[in-house]
Amino acid sequence: MRIDIITVSPELIKSPFEYSIIKRAINKGFVEVHFHNLRDYALNKYGQIDDMQYGGGAGMVLMIEPIDKCMSKLLAERTYDEVIYMTPDAPTLNQQTANTLSLKENILILTGHYKGVDQRVRDKFITKEISIGDYVLSGGEIAAAVLCDAIIRLIPGVLGDETSALTDSFQDNLLAPPIYTRPSEYDGLKVPDVLLSGNFKKIDAWRHDQAYNKTQILKPDLLDE
Ligand code: 6GU
């Protein structure tokens, strides 16, 4: 997979790609990530990429021209399966969306800043819009890093133990059950007996019950899906 990210703050978004599973996925060649600084496509020598909004109102708007220049260059080089815009006024990211995107070949992600981008950018280039939740961040960079993390760890082969993504919270619309490790008793707090029983049929049933009950209490809407 190849991911291209267009941003006004490449430095803000780079570090999550330099650690742990994501770093390993890049080093092993499962994914390439390329950052493009929108400022490099500025209109003039002052580096202008934004302007005030028509109709008045606070906040600067990213202009279409620099984004067009950057996107047109990338779109001429390869075909993208999705051109994604990160914005709070969009459907919320979920595991299903991450699963689908993890199977794509080329993804282009545009992150907004300030008030956002000129609507015509969305109309002309964007095939999918994604929010990461019902709250507002200062920019889409951190949201894009969240999206990339969710996608990259699902690329087949990235996780050492293939089954571990399958037992994640949400993978079957259930939250993960409680987990324990040694010691079996700490300060009077005991690991549930069933997990020490060695009876894997019982353990599976217990985990499913726990997951179901937890989901019913914390996120009942998942059970309707
Ligand atoms: Cl994708 N961008 C911004 N700026 N804020 C957000 C978001 C995205 N998702 C939730 N809040």
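Reader: Is A98 buried or exposed, and at what relative accessibility?

Author: Keep in mind that this is a predicted model. A98 is in helix α4. Buried here means under 20% relative accessible area. A98 falls under that cut-off, so it counts as buried, at a relative accessibility of 1%.

Reader: What does A98 touch, leaving out residues up to four places away in sequence?

Author: A98 is one of the buried residues of α4. Not counting residues up to four places away, the residues that A98 touches are L93, A150, I151 and L154.

Reader: How far apart in space are A98 and D123, C-alpha to C-alpha?

Author: In sequence, A98 and D123 are 25 residues apart. Going C-alpha to C-alpha, their separation in space is 23 Å.

Reader: Why do the buried residues of α4 line one face of the helix?

Author: The buried residues of α4, which covers residues 95–102, are Q95, T97, A98, L101 and S102. Look down the axis of α4 and they line one face, because they fall within an arc of 160 degrees.

Reader: Which elements do the buried residues of α4 pack against?

Author: Three strands and a helix are on the list. The strands are β5 (82–86), β6 (106–111) and β8 (128–130), and the helix is α6 (141–152).

Reader: Which backbone nitrogen does a side-chain oxygen of N94 reach at the start of α4?

Author: The side-chain oxygen of N94 comes to within 3.2 Å of its partner. That partner is the backbone nitrogen of Q96.

Reader: On to the ligand: which residues are closest to the ligand?

Author: The ligand is surrounded by 13 residues. By type, that shell divides into 8 nonpolar, 5 polar and no charged. The closest residues are T87, I132, G133, Y135 and L137.

Reader: How much of the ligand does the protein bury?

Author: Start with the polar backbone atoms: a backbone N or O atom of Y135 is 2.5 Å from a ligand nitrogen. A polar backbone atom of L137 lies 3.0 Å from a nitrogen atom of the ligand, and for G139 the corresponding distance is 3.5 Å. Taken alone, the ligand exposes 290 Å², and the share of that buried by the protein is 95%.

Reader: Where is the place of T87, and is T87 buried or exposed?

Author: T87 sits in the loop between β5 and α4. Its relative accessible area is 7%. Buried means under 20%. That puts T87 under the cut-off, so the word for it is buried.

Reader: Which residue's side chain makes a polar contact with the side chain of T87?

Author: Leaving aside neighbours within four places in sequence, T87 is in contact with R122, E129, I130 and S131. The side-chain polar contact of T87, at 2.3 Å, is with D89.

Reader: What about Q53: which backbone oxygen lies 3.2 Å from a polar atom of the Q53 side chain?

Author: Q53 is in the loop between β3 (50–52) and β4 (60–62), and at 31% relative accessibility Q53 counts as partly exposed. Not counting residues up to four places away, Q53 touches A58, G59, V61 and K115. The backbone oxygen at 3.2 Å from the Q53 side chain belongs to A58.

Reader: I always check the backbone for oddities. Which peptide bond is cis?

Author: Look in the loop between α7 (163–166) and β9 (185–186), where P183 is placed. With omega near 5 degrees, the cis peptide bond is the one from R182 to P183.

Reader: What is the phi of N173?

Author: N173 lies in the loop between α7 and β9, and N173 is partly exposed with a relative accessible area of 25%. N173 is a residue other than glycine, yet its phi is positive, near 60 degrees.

Reader: And what is the phi of D187?

Author: D187 is in the loop between β9 and β10 (189–190). With a relative accessible area of 73%, D187 is exposed. D187 is not a glycine either, and its positive phi is about 55 degrees.

Reader: Zooming out, what percentage of the residues in the protein is buried?

Author: The protein has 10 helices and 10 strands, and its C-alpha trace spans about 70 × 40 × 35 Å along the principal axes. Its accessible surface comes to about 13300 Å², with 51% belonging to carbon and sulfur atoms. Of the 225 residues, the buried ones make up 40%.

How values were computed
Residues numbered from 1 in each chain as written. Predicted model: local features only at pLDDT ≥ 70, side-chain atom pairs only at ≥ 80, totals over all residues. Heavy atoms only, no water. Buried < 20%, exposed > 50% of the residue type's maximum accessible area, 1.4 Å probe, protein only. Helix = DSSP H or I, 4+ residues; strand = E, 2+ residues; numbered from the N terminus. Arc of directions from axis to C-beta. Contact = heavy atoms within 4.5 Å. Polar contact = N/O pair within 3.5 Å; in protein donor to acceptor, adjacent residues only side chain to side chain. Near = heavy atom within 4 Å. Areas by Shrake-Rupley, 256 points an atom, 1.4 Å probe, with all protein chains shown as cover. Nonpolar A, V, L, I, M, F, W, Y, C, P; charged D, E, K, R; others polar.
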